Amino acid sequence: MTTNKLQIEIDSGSGFCFGVTTAINKAEMILAEGGTLYCLGDIVHNGMECERLKRMGLVTINHDDLSRLHDVKVLLRAHGEPPETYDMARRNNIEIVDATCPVVLQLQKRIKSQYDANPDAQIVIFGKNGHAEVLGLVGQTHSKAIVIETLADVERLDFGRDIFLYSQTTKSLDEFHQIIDYIHEHIAPGAVFKSFDTICRQVANRMPNVSQFAARHDLVLFVCGRKSSNGKVLFNECRRVNANSYLIEGPEEIKSEWLEGVTTVGICGATSTPKWLMEKCREAILLH
């Protein structure tokens, strides 16, 4: 849409990924039937979407809350959960609505299978410590997997022992390949090293797309919850390509001075950013 020569484009490739869409659809269907639905953790790393679902009746809980609940219905979000969560649900007669993303679920199974086959090897996960998905992955190994966040962390691995490397589904492909190269260079003769590219292509393909999108606009507004791991990666790529890029959580953060002298604005977001929120940001710009 154009007004006063200002052109605003919303990136068609941004917005919820398949896993998040499925989880939200499941929640909406159950809430429409009435009754109470609990969700273990924020269903998506976006405060405004969480607030919308809260108004529909979704109750967000943590693991301590879960341990005190009995005979209720609890949704597990796309990030996945460790085996202990399912054990607790069975003990407390909790009905699980499992919305774990199929890509994450497959990764959990692969890591569990690898650990069961060779529990003495180092199972290494390139991911963010404490991230919900990573906790679910580490849980498949009785918490023995090693989490590395950066290339520098790789130095603490024992290169004399077997290493099996996996990745959180939303991490950067470039960094993952740098880590693989480093391990190849340092692994001892006789030690086994295998890497498994477990990065979600629906997410990975957004990197070149968002890069091209950012390059063709004077100003880029990246709409994203500040907790989003995937959002940080994509926003950093926007800023690398276009220094005039800003991360905002919602339309109220848009500053009039950003729009001065600008003729094109690009609005994009993370896999956790709802399309309706990007639309609200577009409407807010038109009112400035």
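These legends walk through a few views of a predicted model.

**View 1. The whole chain, with its 11 helices and 13 strands.**
Start with the overall frame: along the principal axes, the C-alpha atoms of the protein chain fill a box of roughly 65 × 55 × 25 Å. The radius of gyration is 21 Å, which agrees with the value near 19 Å for a compact globule of 288 residues. Of those 288 residues, 52% are buried. Take the contacts between residues at least 6 apart in sequence, and you'll find that 71% of them join residues at least 24 apart.

**View 2. The surface and the charges of the protein chain.**
About 13,600 Å² of the chain is exposed, and carbon and sulfur atoms supply 50% of that area. There are 31 positive and 37 negative charges here, and the mean positions of the two sets are 2 Å apart.

**View 3. Histidine 79, in a loop between a strand and a helix.**
Look for strand 5 (73-76) and helix 4 (83-91); histidine 79 is in the loop that lies between them. Is this histidine buried or exposed? With a relative accessibility of 14%, histidine 79 counts as buried. Leaving out residues up to four places away in sequence, histidine 79 touches two other histidines, His45 and His131, along with Asp42, Val104, Ala132 and Glu133.

**View 4. Histidine 217, in a loop between a helix and a strand.**
This time the loop runs between helix 9 (206-215) and strand 11 (219-223), and histidine 217 is found there. Histidine 217 is buried too, at 7% relative accessibility. Which residues does histidine 217 contact, leaving aside its neighbours within four places in sequence? They are Glu9, Asn242, Thr264, Val265 and Gly266. For a sense of distance, pick out valine 44: from histidine 217 it is 173 residues away in sequence and 28 Å away in space, C-alpha to C-alpha.

**View 5. Cysteine 268 and cysteine 238, without a bond.**
Why is no disulfide drawn between these two? The closest cysteine sulfur to that of cysteine 268 belongs to cysteine 238, and the 3.9 Å between them is too far for a bond, because a disulfide needs the sulfur atoms within 2.5 Å. Cysteine 281 is in no disulfide either: the nearest cysteine sulfur, that of cysteine 268, is 11 Å away. By this cut-off, the count of disulfides comes to zero. Cysteine 268 is buried, with a relative accessible area of 0%, and cysteine 281 also counts as buried, at 0% relative accessibility.

How values were computed. Residues are numbered from 1 along each chain as its sequence is written. This is a predicted model: local features need pLDDT of at least 70, side-chain atom pairs count only at pLDDT 80 or more; totals for chains, interfaces and linings use all residues. Side-chain values use heavy atoms; hydrogens and water are left out. Buried means under 20% relative accessible area, exposed over 50%, partly exposed in between (1.4 Å probe, protein chains only). Helices (H or I, at least four residues) and strands (E, at least two) are DSSP runs, numbered from the N terminus. The radius of gyration is taken over C-alpha atoms; the globule rule is 2.2 Å times the number of residues to the power 0.38. Contact means heavy atoms within 4.5 Å. Accessible areas come from the Shrake-Rupley method with a 1.4 Å probe; for residues, only the protein chains shown count as cover. Lys and Arg count as positive and Asp and Glu as negative; His and the chain ends are not counted. The place of a charge is taken as NZ of Lys, CZ of Arg, CG of Asp or CD of Glu.
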